[in-house]
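Student: Could you take a close look at one part of this model with me? I'd like to go slowly through its pockets and cavities.

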Amino acid sequence: SYTTDTKSRDENQKTIESLHGLSVDIKKIRRLKEWVLLQDVAYVEEISGILQEMGADKAAVASILERCPEAILHTPAEINSQRALWQLVCQSEKQLIKLIEQFPESFFTTEYHENQKANILFFQELGLKNNIITRFLTSAPNIFYNPVEKNKNMIETLQRNYLSLGGSDANMKIWILKLLSQNPFILLNTSTAIQENLEFLQKNDFTDHEVLQLLSKLKGFIFQLSPATMQKSMLFSQNIFKCSNQELKELVLKCPALLYYSVPVLEERLAGLLKEGISVAQIRETPMVLELTTQIVQYRIKKLSASGYDIKSGTLESLNGTKKDFEVSYGKIQSKKERPIFNPVAPVNIED
């Protein structure tokens, strides 16, 4: 047809043939990233060869190139440099090829090679374990695109604030490493944003110790908020729970989600709980329930009700926590229900 003719005129036929030879789904590439097929120069055989040399079988190579076709536009030299770089933190080529199969785009982003290298070395010096750094490379690759100086400045800002809030020198390194491994995206913030958020909490009468507590509980996500959003969320909670500033502060320390989630999210979750017949007083008693999505709450209430547990009259504690926590609570309720009541002094019925 006319379209196919136009395509074959625009596309690099040598690239198409080479990809066909590797059993790559060309239609998939046309649909997602057709521009790759229009380039004059591509290194299909060379990149495929490097991947196979690392231990990828033909099916894995085809899958990698379908998901990240721009890989074939990099020179073999660039890919070998990237391979050597990732080997600084990978235990073996087997682990490396597994990571490439799962996260091809992170591996084939070679434009920031020098920054990536400098940041890997910096994180190693900082004391982060290699398995954490590989997790960052795949799930938070953007932090490696920063010049290393920017990441160093952010770490220094965090250290400075930790000490000024009363944290000890002895615990600082552990605190920083834990915060980073929980939320590497902290490094994409600015020093100003960090400063403003901490000042907002202090202005709202949180003591230095309480601010540190919140930072740890929120795993550093507090730095991705702004004073304006935190203010709105706090006002919303204060209006709903009809509480004083001091009581609100205690609720936030108990459930930092009241600070972290936006008003629309809190409204939706609150509405979901009220719809199930739960009272505002119950929610105020156990605010952590607002950390759960409406779907999770509905599922858990349904499961508890089937076991004869009335959530409207009981405590919300049994709804709380991770999936594992909930299963433990549910198990206890189940076993209590199933256990026969034994009265040692009751007469024994003996049938004739």
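**Pockets and a cavity**

Tutor: Let's begin with the second largest pocket: Met288, Glu291, Leu292, Asn320, Gly321 and Thr322 form its lining. Before we go on, this is a predicted model, where local features need pLDDT of at least 70, side-chain atom pairs count only at pLDDT 80 or more, and totals for chains, interfaces and linings use all residues. Residues are numbered from 1 along each chain as its sequence is written, and side-chain values use heavy atoms, with hydrogens and water left out.

A pocket here is an open set of points on a 1 Å grid over the protein atoms alone, with protein on both sides within 12 Å along at least five of seven lines, and lining residues have an atom within 4 Å of a point. This one has a volume of about 190 Å³, meaning the space filled by probe spheres set on the points, which are joined across faces, edges and corners.

What is the lining made of, by class? It has 2 nonpolar, 3 polar and 1 charged residues. Met288 and Leu292 are the nonpolar pair, Glu291 is the charged one, and Asn320, Gly321 and Thr322 are polar. (Ala, Val, Leu, Ile, Met, Phe, Trp, Tyr, Cys and Pro count as nonpolar, Asp, Glu, Lys and Arg as charged, and the others, Gly among them, as polar.)

Now keep your eye on Met288 and Glu291, since both also line the largest pocket. That pocket holds about 290 Å³ of space. The rest of its lining is Lys217, Leu218, Lys219, Phe221, Lys254, Pro256, Ala257, Tyr260 and Tyr261. By class you get 7 nonpolar and 4 charged residues, and no polar ones. The charged ones are Lys217, Lys219, Lys254 and Glu291.

Next, the closed space. A cavity is a set of points where a 1.4 Å probe fits but cannot get out. There is 1 cavity of 30 Å³ or more, and about 30 Å³ of space lies in it. Phe236, Ser237, Ile240, Phe241, Leu258, Leu266, Leu270 and Leu290 surround that space as its lining. Helices α15 (227-241) and α18 (263-275) each give at least two of these residues; helices are DSSP runs (H or I, at least four residues), numbered from the N terminus. α15 has the largest share, with 4 residues. By class, the cavity lining has 7 nonpolar, 1 polar and no charged residues. The polar one is Ser237.

Note on methods:
Helices (H or I, at least four residues) and strands (E, at least two) are DSSP runs, numbered from the N terminus.
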